[in-house]
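Student: Please take one close look at the pocket region for me. I'd like the cut-offs behind each term as you go.

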Amino acid sequence: MTAYTNFALRTLMYCALKGQNLSRVQDIADAYGISKAHLVKAAHQLGQLGYLETVRGRQGGIRLARPAAQINIGEVVRHTEGDMDLVECFNPLTNTCPLMTVCRLNRAFVKARDAFLAVLDALTLADITGNDGQLRTLLNVSEPGRHA
């Protein structure tokens, strides 16, 4: 999984912890100790995909556009990862491997990718933020309705 997808998932997790309160990308970057520049693109794409609502202006920010229970982690990963070609032979347009028709390794990689995505498909954002008290403590995020 790419760092980009990791940052996108972290952004969603942070916003889930904030509830309907707006989050600033800088606050998310500070909480995770990563560059704001790394999060801006991910937050923008998440907004375009309908996962985040963007509020412009001086008091603006981002928040979940739908309930955390309606955001599927496998779906987010597919959107943010792009192609999930683990090896060259996954793409018939660029494959140059002469073993393609008899290769057992390719079949194993396909099964591994499908199993990975099946696990993520069984999870929602609500599932991975169910330990919200612990997450809020680690990230120094106040409960929705309270100010930090």
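Tutor: Happy to! Helices here are DSSP runs of H or I with at least four residues, strands are runs of E with at least two, and both are numbered from the N terminus. This is a predicted model, in which local features need pLDDT of at least 70 and side-chain atom pairs count only at pLDDT 80 or more, while totals for chains, interfaces and linings use all residues. Residues are numbered from 1 along each chain as its sequence is written, and side-chain values use heavy atoms, without hydrogens and water.

The largest pocket (on a 1 Å grid over the protein atoms alone, an open set of points where a 1.4 Å probe fits, with protein on both sides within 12 Å along at least five of seven lines) holds about 360 Å³ of space. Its lining (residues with an atom within 4 Å of a point) has 17 residues, and Val25, Thr54, Val55, Gly61 and Ile62 are the closest to the centre. Helix 3 (36–48), strand 1 (52–55) and strand 2 (61–64) each give two or more residues to this lining. The largest share, six residues, comes from helix 3. Sorted by class, the lining has five nonpolar, eight polar and four charged residues.

For context, the second largest pocket contains about 210 Å³ of space. It is lined by 13 residues, with Lys18, Leu22, Ser23, Arg24 and Asp27 nearest its centre. Here, helix 1 (3–18) and helix 2 (25–32) are the elements that give two or more residues. This second lining comprises five nonpolar, four polar and four charged residues.

Notes:
Points joined across faces, edges and corners; volume = space filled by probe spheres on them. Nonpolar A, V, L, I, M, F, W, Y, C, P; charged D, E, K, R; others polar.
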